[in-house]
Structures are given as structure tokens and as C-alpha cells.
2 protein chains.
Amino acid sequence: MADLRGGIDLGGTKIQAAVIDGRGEAVGEARRPTPTSGGPEDVAAAMAEALRESAQTAGVETKDLIGVGVGSPGDADEKTGVVSGARNLPGWEGSFPLAKNLSDALGTEVKVGNDVQVATEAEFHLGAGREFQSLIGVFWGTGVGGGLILDGKPWLGRGAAAEIGHVVVKRGGAKCPCGRKGCLEAYAGRSAMEAEARRQHEEGHKTDLFKLMEKHGKPRLTSGIWERALDHGDHLAEQLIERAVEALGTGIASAVNLLDPEAVILGGGLGIRFGERLMDPLCEEMGKHLFVDERPPAIRVASLGDLGGAIGASLLVSR
Amino acid sequence: MADLRGGIDLGGTKIQAAVIDGRGEAVGEARRPTPTSGGPEDVAAAMAEALRESAQTAGVETKDLIGVGVGSPGDADEKTGVVSGARNLPGWEGSFPLAKNLSDALGTEVKVGNDVQVATEAEFHLGAGREFQSLIGVFWGTGVGGGLILDGKPWLGRGAAAEIGHVVVKRGGAKCPCGRKGCLEAYAGRSAMEAEARRQHEEGHKTDLFKLMEKHGKPRLTSGIWERALDHGDHLAEQLIERAVEALGTGIASAVNLLDPEAVILGGGLGIRFGERLMDPLCEEMGKHLFVDERPPAIRVASLGDLGGAIGASLLVSR
């Protein structure tokens, strides 16, 4: 029991906490909804509770963990433990000393890192990227996030590298949730896809997407709803998924032309759900834009599933 | 005299050779046209002659150089010294042991590397990039080439990284000389710009570009001809340069969103000629697509000029 760490993946919808052993296996886990009102303190309190619960299921106290890592959205400063501008969390436009707050609550050292970067590192050390020394992690979900491993080490640039969702795929193209035009995320992010589906539905295009959403009691078009719609042969869903895959193939090819990595790891809610199903069209779209097309990188679907973020976060502790 | 190296920049138009001292200064130089017929042996013979001539002006024999570096187009394998698929050189579609051939001719060790990567390294070690630890070199000329320095070291990927000219700026866009669609080079490469100017001219658009080319006895639209046309207020030239700058800003922003480097170094024939003049519109176009737009990277024009390639090539020797 001496070698246990905590990991918390802080998402816009849910908080996933886990206690991880020395081999990277989860020995306890818990999940809570992310508070939708209040402020950073409320989110931190929910995170602490989730970690305590996962420690309980593992039969330890949080103070006995050798540390806790947090994968966070926004600008997470690994050195200071401060998280700023996490705009999809309530009242978190400014800065909040998340590591300090959680460390006081849990009685052990806490480190913070970028959520997508730590998920990429988890896949690199323990998941689908184990056999490679350089890779791009592409997390296809609500947005499109990225992480980079170059020569066996994370590449963070000046702290904000790997924004593959904001690689431009079409100059002057669709409006992105970030406010700019033509980003990969403007075509492939689930938020942007839902907005486009709603727009076309309101214009009179037929689709069962929103009926399925209501029927299954979901507040938004989840990856499961998109899958059901595809299974029903819903034309608009097919069209928008195809458009997303075209954009993903283009953006990933641009990144590969720039970095020439050994592998691309496809994760995220949509990536994990559709990775195998859409692998062929994705490779085809990517192939259209690869400069060295006779030896494309390996493309793998992330293998750690929903726990990848929390496992990756726990790896921050040993740094 | 003990510390002299040779450097050869092998271009599609000219061969630039130089003898470089320990401080990175050229103490002898010579230039020859690249043979337009024959095969790799003929090109190598012209390279050897150019280097011998530059050694003569430096007052040394080539066998007394501690080595010679070559910056080459195509696929230059640093380990084996073989150059393959240099399609803008005569009869060089296959592989040729360039280092071995030149080493026999010159009586000293010869190393080969990618032309744009060595020019980037020259700017990093001795030129406009000296104060930075991470940078993207963008060489805007006949094509658009790139080089990467990350954490103070070249990043080559699996040997073909930094192809910023083939980052896609517009999915489904203009045809690129590489055969794909929408690449940065399809809008900003001098070859592509000349082809577009010719197409529009033949369609009846007015321009003095080709008159200026003939008047100055040039076989193509050189960077000097583009500059003259801009100075005359030639509308088509202005339009095509503006389109190139938009594409450059977009492609560079995508690369910055992915790598978050400290600096971008703009070189190449067009880059050096227009860098200062077009810096403001370039930064503006880039700013439209930067994800972290409050702290853009430094943008500098390459400072080693025409000799940068040969100086960078000479740095291969000490590796």
C-alpha cells in the first residue's frame, strides 16, 4: 500500500477520481458531477470528496497517498499549482490556487497539470502509446484537445502547446467556439457539431438527433446519441460525422507534416466511441494531406478509456 | 587555420559554397549554377569545384578542412550520407551516396543534412534565433520549407518533420506543386504564385509582372521582380502577395498553436526580401488564428542572408 497515488480528472461535466497503484492500475475510484454553480472552492470541495470516496474504496486514507495529481482544463501551472481561465467551470474565469486548496483538504502533496496532456502521458506510459517514443494525442470530445510526446518527453512549449483543435483546417471557414474561424474544433468538436445540427434542424433538415436526445433523457447530443443516430442511418448525423472526420484527417495530417511522429493516439468521448468504426475513413482523409504518404504514423485508439485522465493525473506526482 | 570547415548549400538554381571559421564567419566563398542536365555525379562535381574555389579564396586546401557539411534538398540521410528523391535536381529521382562521393573528391569528411533544417540551425546558433531555445524556421522561397528547434535541439521526427509548407490552410483549396490541395505552399510558394499569376494574366487580368521579368532578363518571377511590381503598384502582384501573406499567417499560426515556440524565424528568398515590409500584415493574419493571442511568439527575419544555408551546413561537421 506504500506506493499509492491519487488522480483526479476534472472535466466540465464530471469529476473522475481514482487511487492508482505502482503499476498504473486503479485500486479505487469514484465519480461525481462537476458543480454547475458556485465557484472554484465548490468545485475543489467536490473534487476532494470524490478522491476521499475513491480512497475509501481502496481502503486507505488520503493522507497516506504519496500524492495526488489533477488534470485540469484552463491554464494549469504545474509549478505554482494555480489554475486560471477554466471557462467551462463555474466562476473560474480568474486564478485559483487549486493545488494548495486540495493539499490542505487531503493532507498530502497535490500537483496540477493540463487535462489533455496528462491523458496523453497516461497513454504513452501505460496505454496505446507504450511502444512509441513520439506521439500526438488527439482527444475528440466536447472540444478537440491535444497532447505531445517528443523523444519520450512531454512537449509543452511555453505552456500552451498541442492545441490541435485550433489548427486551422479551412481559412475563412466555420466559426469555432473559441471565436476564431476554420479551426479543427469548429467542425469536429461535439459542441460545434451540436450547434450545427441544431441550426440545420431549425432550417428544416430532417434528423432524429434531438428526438433521441429527449428519449434518452440527455441534456445534450452525447457520443452515445450520435452513435444511435448513425446506427439508425440518420442522414444529418452521417453528414456531420463525415464532416468532422474530414476535418480531423486534415488537422492531424498538418500536425504530422510538422512533427513526423511515430504515432497518433485518438482519445476523448467521441474518439473512444467511434475510433474503430471510423478508422478507415479517418486514415483516408489523413492520407490525402500527408506529405510523406508512404509511411503514415501508426494510429491507435486510446486504451485506458474513461480512467485515462485520472491515471495520467496520478503520474504528475512522481515528477 | 586549424578550425576551418566547409559548407555547401545545394539549391535547385545555385550551389553556394563557403569556408567557415570557428566563430561562424565565412573566410572564403564561391557560387556556381546548379547543373540543369546530367545526373548526381555532375552535380557533385560542380559542388566539389565550388568548395575548392572557396577554399582557394580562404587560402587553404580542402583536405585541411576538419570537414564539409552539405545542406541538400530531397531526403538527406545524415547517418548514411545518401541523398534520395531530390526532384528539383537533374536525374536525382533515386538515391546517390553524396557524402562518400564528395569525401573522395575533397579529401575530408563530408556530412549531409536537410537544406532547410541546417539553415534553421544556422539562424538558431549564429543568427536571428540566438536568444531563443525553441523556434520554427519558415523559409519562404520557390517552395515553403521549415525547420524546428525544440528545447535547443533540432527536431527531425522520423526524418521528415517541419514540412510547414504542407500544413493545410484551406481544405479543398488551391492545388499545390506537391499534388495535394490547400497546402500553405499552394498559396505562398514562388512557383505556385507564378503559376497563378500566369493563369490570371492569360485570363486577361492586367499585370506588369511578366513584362518586368523579360525586361530584367529573368527566366522566372524572382523575388526582385515581385518587389518591383509591388513598388509600381501592380494590382495582381499586390493581390497575390496578400494571398500569400494570409496563407503564411494561417499556417504559421497553426504551427504555433501546436508547438507554442518562443520564436518564428522567417527566411528564404521572399522571406528575406519582404520580411520587414510585410511584417505587420503577417502578424495581423497570424494573430487572427493564434489560440493564445496575448503572447504571440517573436517573429524575426533571418539575419544570415544568402550564406545562412552554407553556414548551417558547416555546422553538421561538429555533430
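Colleague: Let's start small. Which residue of E7(B) stands opposite Val83(B)?

Modeller: That's Phe96(B). Bear in mind that this is a predicted model, where local features need pLDDT of at least 70, side-chain atom pairs count only at pLDDT 80 or more, and totals for chains, interfaces and linings use all residues. Residues are numbered from 1 along each chain as its sequence is written, while chains are lettered from A and ligands numbered from 1 in the order in which they are written.

Colleague: What makes E6(B) and E7(B) a pair?

Modeller: Strands (E, at least two residues) and helices (H or I, at least four) are DSSP runs, numbered from the N terminus. Two strands pair if DSSP finds at least two bridges between them. Strand E6 (residues 83-84) of chain B has two bridges to E7(B), so the pair qualifies, and it runs antiparallel.

Colleague: Why do E5(B) and E7(B) stand at the edges of their sheet?

Modeller: The open sheet has three strands in the order E5-E6-E7 (chain B), paired antiparallel. Strand E5 (75-76) and strand E7 (95-96) of chain B each have a single partner strand, so one side of each lacks a neighbour in the sheet.

Colleague: Over to chain A. How do you know that E10(A) is mostly covered?

Modeller: We count neighbours: a residue is buried if 20 or more other C-beta atoms lie within 10 Å of its own, exposed if 12 or fewer, and partly exposed in between, with C-beta atoms placed from the backbone. In strand E10 (residues 144-150) of chain A, seven of seven residues are buried. Both faces are covered, with Val144(A), Gly146(A), Leu148(A) and Leu150(A) on one side and Gly145(A), Gly147(A) and Ile149(A) on the other.

Colleague: Which strands does E10(A) pair with?

Modeller: Strand E9 (residues 135-140) of chain A pairs with E10(A) in the antiparallel sense over six bridges, and Val138(A) stands opposite Gly146(A). These two strands form a hairpin with three residues between them. Strand E11 (residues 153-154) of chain A also pairs antiparallel with E10(A), over two bridges, with Pro154(A) as the bridge partner of Ile149(A). In that second hairpin, which has two residues between the strands, Asp151(A) takes a positive phi near 55°.

Colleague: How do you know which way the buried residues of H2(A) face?

Modeller: In helix H2 (residues 98-106) of chain A, the buried ones are Leu98(A), Ala99(A), Asn101(A), Leu102(A) and Leu106(A). They span an arc of only 165° around the axis, which puts them on the same side of H2(A). The arc is that of the directions from the helix axis to the C-beta atoms. Just after H2(A), Gly107(A) has a positive phi of about 75°.

Colleague: Now both chains. What makes their relation that of a two-fold axis?

Modeller: A rotation of 180° with 0.0 Å of shift along its axis superposes chain B on chain A, with an RMSD of 0.1 Å. That is why we speak of a two-fold axis. The fit is by least squares on the C-alpha atoms of residues with pLDDT of at least 70 in both copies. In chain B, Lys170(B) comes closest to the axis, at 2.0 Å (C-alpha).

Colleague: How many residues does each chain bring to the contact?

Modeller: Chain B gives 34 residues and chain A gives 34 residues. Residues are in contact if their C-beta atoms, placed from the backbone, lie within 7 Å. On the chain B side, helix H8 (residues 235-259) gives the most, with eight residues.

Technical notes:
Contact = placed C-beta atoms within 7 Å.
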